[in-house]
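Biologist: I've got a new protein on my screen and I'd love to be walked through it. Could you put the sequence and the structure up first?

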Amino acid sequence: MKTFAMILCLAAACAAARAETVTFDAPLNGWRNSAGDSARYTQAVHYPASVVNTPQDQSRLAMIAGSIKANPKKKPAVSVGTLVVNGIAMPQRIEEDGRFSRPYAFDSGSNGVELITPDGTHKRVQFYDAYAGKTKPRLRVVLGWDTDNTDLDLHIISPDGKHTFYGDRVSANGGALDVDVTTGFGPEIYSNPTPEAGTYLIYVNYFADNGNTDKFLTVAQINIITNEGTPNEKIETFTVPMRRPGETVLVKRFVMGN
């Protein structure tokens, strides 16, 4: 029994030590109030390549950032982990030096963020935003995919006929696409705090392959979240194989109510 208990304690100590290799600069555990914060989560688009990098003037209340200590330098230099935000999993690009960052528009109330590294190490932070007047994203669509050096694009057609995509990322109807990732993995996130009632169309386009000529296939994962953070929250997840550049797939046609 003592030996078994020692093994359990050692395993727990190792897990804790591994978790300490992941550090969050934002968000931080605890309580906060984001009243008055601009919470900007869009960024400029740069071609020919763009990764999810947080703008220098980004509010710390609207971003996810941190680092992995002693991140092994190996090829490929860039790796991908899993970011889980309020139960929604998405890929997270990790640079060669272990840094990771992305803009994110958090909801009011309780929020949880977890990073799972490629080797299975994970670290979670939990915080509460007390700003009750913060507008909630009633509709959020998250696109991620499983290959580097590839460019997939999210396209949203709203009931008013507005087409939100990388070429027109912020709509007058309240919808916005946060970033245009052209170098692989994603995620690209569309959110709308005041979605119009009616029919929405969600498309994914395989825009380009930037070097994976021996492996065109990339698998997209799309999460559609409605009424986030409420008792009526609904999450639908779709996995779509994208076989070659130029392909466009209708992922979901659905109706939003008032």
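Modeller: Here come some questions and answers about what you can see above.

Modeller: Before you ask, this is a predicted model, where local features need pLDDT of at least 70, side-chain atom pairs count only at pLDDT 80 or more, and totals for chains, interfaces and linings use all residues. Residues are numbered from 1 along each chain as its sequence is written, and side-chain values use heavy atoms, with hydrogens and water left out.

Biologist: Let's start inside: how many residues does the largest nonpolar core have?

Modeller: A nonpolar core is a set of buried Ala, Val, Leu, Ile, Met, Phe, Trp, Tyr and Cys residues joined through side-chain atoms within 4.5 Å. Buried means under 20% relative accessible area, exposed is over 50%, and partly exposed is in between (1.4 Å probe, protein chains only). V141, L143 and L152 are among the residues with the most contacts inside the largest core, and its total is 24 residues.

Biologist: And which strands each supply at least two residues of this core?

Modeller: Strands here are DSSP runs (E, at least two residues), numbered from the N terminus. The suppliers are β9 (139-145), β10 (150-157), β14 (198-209), β15 (218-226), β16 (234-242) and β17 (248-256).

Biologist: Take L143 from that core: which residues is it in contact with, leaving aside neighbours within four places in sequence?

Modeller: Contact means heavy atoms within 4.5 Å. With those sequence neighbours set aside, L143 is in contact with L152, D153, L154, G186, P187, E188, V204, A220, Q221 and I222.

Biologist: T218 is in strand β15, so is T218 buried or exposed?

Modeller: Look at how much of T218 is accessible: the relative area is 1%. That is under the 20% cut-off, so T218 counts as buried.

Biologist: Which side chain does the side chain of T218 make a polar contact with?

Modeller: A polar contact is a pair of N or O atoms within 3.5 Å; within protein, one must be able to donate a hydrogen and the other to accept it, and residues adjacent in sequence count only if both atoms are side-chain atoms. For the T218 side chain, the distance is 2.7 Å, and the partner is the side chain of T147.

Biologist: Now W31, which lies in strand β2 (residues 30-32): buried or exposed?

Modeller: Its relative accessibility is 62%, and the cut-off to beat is 50%. So W31 counts as exposed.

Biologist: What separation do the C-alpha atoms of W31 and Y128 have?

Modeller: These two are 97 residues apart along the chain. Still, W31 touches Y128, and A130 as well. The C-alpha atoms of W31 and Y128 are separated by 4.9 Å.

Biologist: β2 is in an open sheet of five strands. Which are the edge strands?

Modeller: Two strands pair if DSSP finds at least two bridges between them. The order is β2-β8-β7-β4-β5, with mixed pairing. An edge strand pairs on one side only, and that fits β2 and β5 (88-94).

Biologist: Within that sheet, which residue in β7 stands opposite L83?

Modeller: Strand β4 (residues 79-85) and strand β7 (residues 109-116) pair in the antiparallel sense over four bridges. Opposite L83 in β7 stands L115.

Biologist: What about aromatic pairs: what angle do the planes of F106 and F127 make?

Modeller: Rings of Phe, Tyr and Trp (its six-membered ring) pair if their centres lie within 6.5 Å; planes under 30 degrees apart count as stacked, over 60 as edge-to-face and the rest as tilted. The search of the whole structure finds six such pairs. F106 and F127 are edge-to-face, at 5.1 Å centre to centre, and the angle between their planes is 90 degrees.

Biologist: Which residue joins F106 and F127 in one aromatic cluster?

Modeller: F106 and F127 are both buried. The cluster takes in these two plus Y104.

Biologist: Last one: how many residues of strand β13 (residues 188-192) are buried?

Modeller: E188, Y190 and N192 point one way from β13, while I189 and S191 point the other way. Five bridges join β9 to β13 in an antiparallel run, and two bridges join β12 to β13, antiparallel too. β13 is largely enclosed by the rest of the structure, because the buried count is five of the five.
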